[in-house]
Amino acid sequence: LHVGPSGYHLIIGGNQGDNWYLPVARSLKPKLMTLAKGARIESVCWDKEGSDDTSTGNILVGTSRGGIFKACIIDSKERLWRQLFELKDSVQPFCGLQCEHFPPTGKNPSESSRRIFVMAATPFRYYEFIGGPTHDALFQQYTTAPAFIELPGDLDYSELHFFRKGGGRASSFCWLTGPGIYSGSFSFGSQNAGDSIIFDYKLVPYLAPSAPLGILATEFHWFVLFFDRLQVISQLTEALAWEYVFQSRHIYGDMRGMVSDPATGRVWVYADYMVNEVIVTGEDHDVWRCYLERGQFDAALQHCRDLTQREKVLCAQADHYFSERQSELAASVYAKTKRSFEEVALKFITLGEKDALKRYLSDKLDNMRSSDRAQLTMACAWLCEMYLDKLNAVKDTGGGDEYG
């Protein structure tokens with residue numbers, strides 16, 4: 001079953017090459033797709049911009065014979081079914097098919113400058129296609145298959161999912177493979193046909209002995225469904241964050257799969273006789289700590305929920321800069337913390353870091369409250385003394401004229 005993101009359209013792929021279309025918004029009677037007869041549909045990439053309750057828009061369809069087709073259904077009638085690409089070196093099913101548009105460039109981007117990224121996955125490989133401004137023009141550049149990443153395994157199925165935060169542009173992907181979850185992030189730039197937009201990719205082995213039935217990605221976790229359990233794995237630590245073991249198989253039957261609503265992010269797990277929603281709350285609860293442990297201080301600060309967490313991150317960041325002898329950076333960050341004024345000052349005095357101490361005092365003044373009169377007076381007096389010492393040192397070396 002392939003459901004459009006709006007919920008208006010449903011395509012049912014049959015094992016024998018018969019496929020049906022169901023206009024969910026208007027009727028519950030499926031209609032045979034005659035143009036697609038003989039093609040075993042394995043994946044569908046829906047049109048997010050050109051679809052409505054009566055039209056699917058231009059969609060991409062992946063088949064069991066390694067073909068990619070362009071299709072369009074309007075008012076329950078097939079308007080288009082045309083092959084755009086076919087694997088010739090290896091007949092494998094396209095189990096996953098996803099699409100994203102590059103950000104527009106220039107002040108007044110034209111329709112002809114539009115570029116599209118298509119990612120297609122088989123059980124063992126994934127392919128990247130880049131081009132535009134239409135799907136037809138994109139695939140015309142690929143008379144042969146593009147370069148691919150291959151991960152051999154013993155599975156005859158796969159899944160490919162993009163993650164989009166708040167319905168925006170896709171920022172990452174996850175791919176179900178035999179060896180594990182293969183994931184990466186996207187960087188949309190000036191790439192053309194033959195290039196890759198994927199970076200920060202990695203393969204994460206499964207945390208169960210059996211092969212998964214399905215996977216999904218949220219902002220910070222992967223959901224991995226097995227026949228007897230559901231695991232939630234942290235993308236940052238690659239550790240098990242949560243697990244639920246199914247113990248009533250005699251009631252709900254065998255697990256069949258897992259789906260998510262792209263509009264709301266809600267997740268459902270379904271079996272022969274059961275559909276359960278997985279409630280996701282507080283997903284980013286400890287994200288700040290994970291980033292902190294990895295030394296990604298800016299990211300950790302972005303995900304702090306209160307001042308206590310922020311203080312811990314800033315102190316750790318300042319200590320890190322200090323240990324790396326990046327004294328002025330450390331001074332600037334220390335000035336934002338509640339670390340003892342005397343303790344921080346003594347650190348720089350001990351190392352003879354006068355410029356860093358001056359930076360700390362100056363920045364600390366900006367962060368002090370007007371009620372902290374004693375510290376304000378001390379910092380101002382200390383700064384004045386340091387500047388006077390500097391002036392005297394310059395005069396002693398004969399450079400006083402430069403200061404008038």
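Buried residues have under 20% relative accessible area, exposed residues have over 50%, and partly exposed residues lie in between. The legends below apply these terms to a predicted model.

**View 1. A nonpolar surface patch contains Val259.** With a relative accessibility of 39%, Val259 falls between the two limits and therefore counts as partly exposed. Val259 belongs to strand E21, which spans residues 255-260. Together with Tyr270 and Val275, Val259 makes a nonpolar patch of about 250 Å² on the surface.

**View 2. Phe102 and Phe188 form an edge-to-face aromatic pair.** Across the whole structure, a search finds 28 aromatic pairs. In the pair of Phe102 and Phe188, the ring centres are 5.1 Å apart and the planes meet at 85°. This pair links distant parts of the chain, 86 residues apart: Phe102 is in the loop between strand E9 (96-101) and strand E10 (116-121), and Phe188 is in the loop between strand E15 (181-186) and strand E16 (198-204). Phe102 counts as buried because its relative accessibility is 5%; Phe188, with a relative accessible area of 19%, is also buried. A second edge-to-face pair consists of Phe246 and Tyr252, with 5.9 Å from centre to centre and 75° between the planes. Both Phe246 and Tyr252 are buried.

**View 3. Ring pairs join aromatic residues into a cluster, and arginine side chains sit over rings.** The cluster linked by ring pairs comprises Phe102, Phe117, Tyr126, Phe162, Phe173, Trp175, Tyr182, Phe186, Phe188 and Tyr201. Over the ring of Phe102 sits the charged end of Arg115, at 4.1 Å from the ring centre. The charged end of Arg125 is placed over the ring of Phe148, 3.9 Å from its centre.

**View 4. Thr56 is a buried loop residue.** Thr56 is found in the loop between strand E5 (41-45) and strand E6 (59-63). Its relative accessible area is 0%, so Thr56 is buried. Apart from neighbours within four places in sequence, the residues in contact with Thr56 are His9, Tyr21, Trp46, Asp47, Ser51, Cys72 and Ile73.

**View 5. Lys37 and Asp18 form a salt bridge.** A search of the whole structure finds 22 salt bridges. In the bridge between Lys37 and Asp18, the closest N and O atoms are 2.8 Å apart. The two partners lie in distant parts of the chain, 19 residues apart, with Lys37 in the loop between strand E4 (31-32) and E5 and Asp18 in the loop between strand E2 (9-13) and strand E3 (19-23). Lys37 counts as exposed because its relative accessibility is 55%, whereas Asp18, at 24%, counts as partly exposed.

**View 6. Salt bridges connect Arg26 with Asp75 and Glu243 with Arg229.** For Arg26 and Asp75, the closest N and O atoms are separated by 3.0 Å. Arg26 is in the loop between E3 and E4, while Asp75 is in the loop between strand E7 (67-74) and strand E8 (77-86), 49 residues apart. Asp75 has a relative accessible area of 38% and is therefore partly exposed. For Glu243 and Arg229, the closest N and O atoms are 3.1 Å apart. This bridge links strand E20 (residues 240-245), which holds Glu243, to strand E19 (residues 229-234), which holds Arg229; the partners are 14 residues apart. Glu243 is partly exposed, with a relative accessible area of 31%, and Arg229 is partly exposed at 22%. Elsewhere, Lys70, Arg82 and Asp136 are joined into one network by salt bridges that share partners.

How values were computed
Residues numbered from 1 in each chain as written. Predicted model: local features only at pLDDT ≥ 70, side-chain atom pairs only at ≥ 80, totals over all residues. Heavy atoms only, no water. Patch = residues over 30% accessible without salt bridge, like charges linked within 9 Å, V, L, I, M, F, W, Y side chains within 5 Å. Areas by Shrake-Rupley, 256 points an atom, 1.4 Å probe, with all protein chains shown as cover. Salt bridge = Lys/Arg side-chain N within 4 Å of Asp/Glu carboxyl O. Helix = DSSP H or I, 4+ residues; strand = E, 2+ residues; numbered from the N terminus. Buried < 20%, exposed > 50% of the residue type's maximum accessible area, 1.4 Å probe, protein only. Phe/Tyr/Trp six-rings, centres within 6.5 Å; stacked < 30°, edge-to-face > 60°. Lys NZ or Arg CZ within 6 Å of the ring centre and 35° of its normal. Contact = heavy atoms within 4.5 Å.
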